[in-house]
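Let's explore a protein together, one question at a time. Have a look at the picture first, then try each question before reading on.

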Amino acid sequence: MLRLITDFDGPIIDVSERYYRVYQFCLEKIRYPEQSVKQLSQAEFWQLKRSRVPEKQIALNSGLDATQAQEFAQLRRKTVHTDGYFQYDTLVPGAVDALLQIQQAGIDLAVMTMRRVRELDYAVNKYQLGCFFPKSRCYCLENDYVKTSDIEDKPLLMERALAELPMAADTWMVGDTEADIAAAKKYNIKVIAVECGIRDRAQLEIYQPDLIVEDLSTAVKLILES
């Protein structure tokens with residue numbers, strides 16, 4: 001049996017609009033009355049996020065001072081995963097077609113995400129993805145889980161998945177961050193990084209995935225060909 005474990009945000013869901021809306025909210029909230037700030041365009045902002053420019057630097061680039069930058073970073077962290085903002089997420093073009101292809105090829109499919117249960121449920125229901133991801137194939141954080149960092153938490157999810165899922169002759173992981181690559185490498189799983197998520201190619205290359213491709217569709221094509 002061939003298995004594909006995919007991350008959710010990045011390969012399937014585009015979070016750029018949510019992140020940008022939170023950026024706009026935090027900038028407006030933290031700036032002083034009458035203070036003129038330089039709101040970055042969505043393209044500028046997303047480019048900085050993808051190249052891992054720190055939140056404080058993004059705040060400074062937007063015209064906030066050092067004290068404000070600190071507050072901006074804290075507020076953003078508190079806000080970005082709040083329920084009101086998940087409505088801004090969208091499906092990555094071609095992602096559902098790729099999931100259909102996986103299903104039709106008889107590949108065992110699981111999702112592994114740093115979303116909490118309620119956050120994953122919300123998106124799965126909204127985009128009617130339950131046919132691809134039954135509960136037994138969803139690996140995410142409990143609603144009350146205290147996060148450390150993705151690069152530490154994701155390998156724990158991988159450990160749980162490998163213990164619970166039926167044996168597979170061959171397993172692939174598809175993701176868009178260093179956490180996905182770390183989780184796969186720790187358990188000697190082949191990993192494909194996609195460029196349609198929150199890291200650019202230069203950032204992904206640092207962590208040496210087996211392959212870097214444009215999106216989930218391209219990854220599935222390569223897996224099927226191999």
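Here are some questions and answers about this predicted model.

Q: How many cavities of 30 Å³ or more does a search of the whole structure find?
A: Rolling a probe the size of a water molecule over the atoms shows where empty space is left. The largest cavity holds about 40 Å³ of space. For cavities of 30 Å³ or more, the search of the whole structure gives a count of one.

Q: How many of the residues lining the largest cavity are charged?
A: Among the residues that line the largest cavity are Asp 9, Asp 14, Trp 46 and Asp 176. The lining also includes Gly 10, Val 15 and Cys 196. Sorted by type, the lining has five nonpolar residues and two polar ones, and the number of charged ones is three.

Q: Which residues are closest to the centre of the largest pocket?
A: The largest pocket has about 1,000 Å³ of space. It is lined by 33 residues, and the closest to its centre are Tyr 19, Arg 76, His 81, Asp 150 and Arg 199.

Q: Which elements give two or more residues to the lining of the largest pocket?
A: The lining of the largest pocket divides into 11 nonpolar, six polar and 16 charged residues. The elements that give two or more residues to it are helix H4 (66-79), strand S4 (108-116), helix H7 (150-164) and helix H8 (178-186).

Q: What span should helix H7 have, given its 15 residues?
A: The reckoning uses 1.5 Å a residue. The end C-alpha atoms of H7 lie 21 Å apart in the model, which agrees with the expected span of 21 Å.

Q: Which elements do the buried residues of H7 pack against?
A: The buried residues of H7 are Asp 153, Lys 154, Pro 155, Leu 157, Met 158 and Ala 161. Their packing partners are strand S1 (2-6), S4, strand S5 (138-141), strand S6 (170-175) and H8.

Q: Which residue meets Arg 3 in a salt bridge?
A: By the rule used here, the model has 22 salt bridges. One of them links distant parts of the chain, from strand S1 to strand S4, with partners 105 residues apart. Arg 3 and its partner are both buried. With 2.6 Å from N to O, the partner is Asp 108.

Q: Why are Glu 164 and Arg 160 separated by about one helical turn?
A: An α-helix has 3.6 residues a turn, so residues three or four places apart point the same way. The side chains of Glu 164 and Arg 160 meet in a salt bridge of 3.5 Å, N to O. They are separated by about one helical turn because, within helix H7, they are four residues apart.

Q: Which strands hold Asp 170 and Lys 190?
A: The closest N and O atoms of the salt bridge between Asp 170 and Lys 190 are 2.5 Å apart. The pair ties together parts that are 20 residues apart in sequence, because Asp 170 lies in strand S6 and Lys 190 in strand S7.

Q: Is Glu 34 buried or exposed?
A: Glu 34 is not a glycine, although it has a positive phi of about 70°. It sits in the loop between helix H1 (16-30) and helix H2 (42-50). Since exposed means over 50% relative accessible area, the 79% of Glu 34 makes it exposed.

Key
Residues are numbered from 1 along each chain as its sequence is written. This is a predicted model: local features need pLDDT of at least 70, side-chain atom pairs count only at pLDDT 80 or more; totals for chains, interfaces and linings use all residues. Side-chain values use heavy atoms; hydrogens and water are left out. On a 1 Å grid over the protein atoms alone, a cavity is a set of points where a 1.4 Å probe fits but cannot get out, and a pocket is an open set with protein on both sides within 12 Å along at least five of seven lines; lining residues have an atom within 4 Å of a point. Grid points are joined across faces, edges and corners, and a volume is the space filled by probe spheres set on the points. Ala, Val, Leu, Ile, Met, Phe, Trp, Tyr, Cys and Pro count as nonpolar, Asp, Glu, Lys and Arg as charged, and the others, Gly among them, as polar. The expected span of a helix is 1.5 Å times one less than its number of residues. Buried means under 20% relative accessible area, exposed over 50%, partly exposed in between (1.4 Å probe, protein chains only). Contact means heavy atoms within 4.5 Å. A salt bridge is a side-chain nitrogen of Lys or Arg within 4 Å of a carboxyl oxygen of Asp or Glu.
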